[in-house]
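Colleague: Got a minute to walk me through this fold? I'd like to go from the overall layout down to a single side chain.

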Amino acid sequence: MKKQILILNDNLNELKQLRLEFIHLGYGVITAHEPEIAKELIEKLNIDFVLAKPELIQFSTKQSKSQDKGDK
């Protein structure tokens, strides 16, 4: 069975390109252009991987966490 990847991207052109690339690599691809839709899909479907723009999932990096603490 193919591994399923959910791609979350608010740029529809990028979303289409990523979809084609991952299909070519042999993945089953599900796409979403809004975080709320992605969350619903994750709850309902068997998703193996998620590829998303960090700002769409409120992802924070180590650097941004340390800056929040006042470190430079």
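What follows is our chat about the model, question by question.

Colleague: In what order do the elements of the protein run from the N terminus on?
Modeller: Bear in mind that this is a predicted model. The protein has three helices and three strands. Read from the N terminus, their order is β-α-β-α-β-α.

Colleague: How do β1 and β2 run, and how many bridges join them?
Modeller: Take one pair of residues to get your bearings: L8 sits opposite A32 in β2. The two strands, β1 and β2, run parallel, and the number of bridges joining them is five.

Colleague: Which hand does the β-α-β crossover from β1 to β2 have?
Modeller: The chain leaves β1, passes through helix α1 (residues 12-24) and arrives at β2. To judge the hand, point the strands away from you and follow the path from the first strand over the helix to the second; clockwise counts as right-handed. This crossover is right-handed.

Colleague: Which elements give two or more residues to the largest nonpolar core?
Modeller: In general, nonpolar side chains in soluble globular proteins tend to be buried together. Here the largest nonpolar core has eight residues: L6, L8, I30, A32, A38, L41, I47 and L56. The elements that supply two or more of them are β1 (4-8), β2 (28-32) and α2 (35-44).

Colleague: How many residues are in the other core, the one apart from it?
Modeller: I7, L15, F22 and V29 are among its members. This other core lies apart from the largest one, and its residue count is five.

Colleague: How many of the five residues of β2 are buried?
Modeller: Across the 72 residues of the protein, 21% count as buried. β2 itself is mostly covered, and its buried residues number four.

Colleague: Why does N9 count as buried?
Modeller: N9 is placed in the loop between β1 and α1. Setting aside neighbours within four places in sequence, N9 contacts E14, L15, L18, A32, H33, K53 and L56. The cut-off for buried is under 20% relative accessible area. N9 counts as buried because its relative accessibility is 3%.

Colleague: Which side chain makes a polar contact with the side chain of N9?
Modeller: E14 already turned up among the residues in contact with N9. The two side chains come to 3.0 Å in a polar contact, so to speak a handshake between N9 and E14.

Notes:
Residues are numbered from 1 along each chain as its sequence is written. This is a predicted model: local features need pLDDT of at least 70, side-chain atom pairs count only at pLDDT 80 or more; totals for chains, interfaces and linings use all residues. Side-chain values use heavy atoms; hydrogens and water are left out. Buried means under 20% relative accessible area, exposed over 50%, partly exposed in between (1.4 Å probe, protein chains only). A nonpolar core is a set of buried Ala, Val, Leu, Ile, Met, Phe, Trp, Tyr and Cys residues joined through side-chain atoms within 4.5 Å. Two strands pair if DSSP finds at least two bridges between them. A polar contact is a pair of N or O atoms within 3.5 Å; within protein, one must be able to donate a hydrogen and the other to accept it, and residues adjacent in sequence count only if both atoms are side-chain atoms. Contact means heavy atoms within 4.5 Å.
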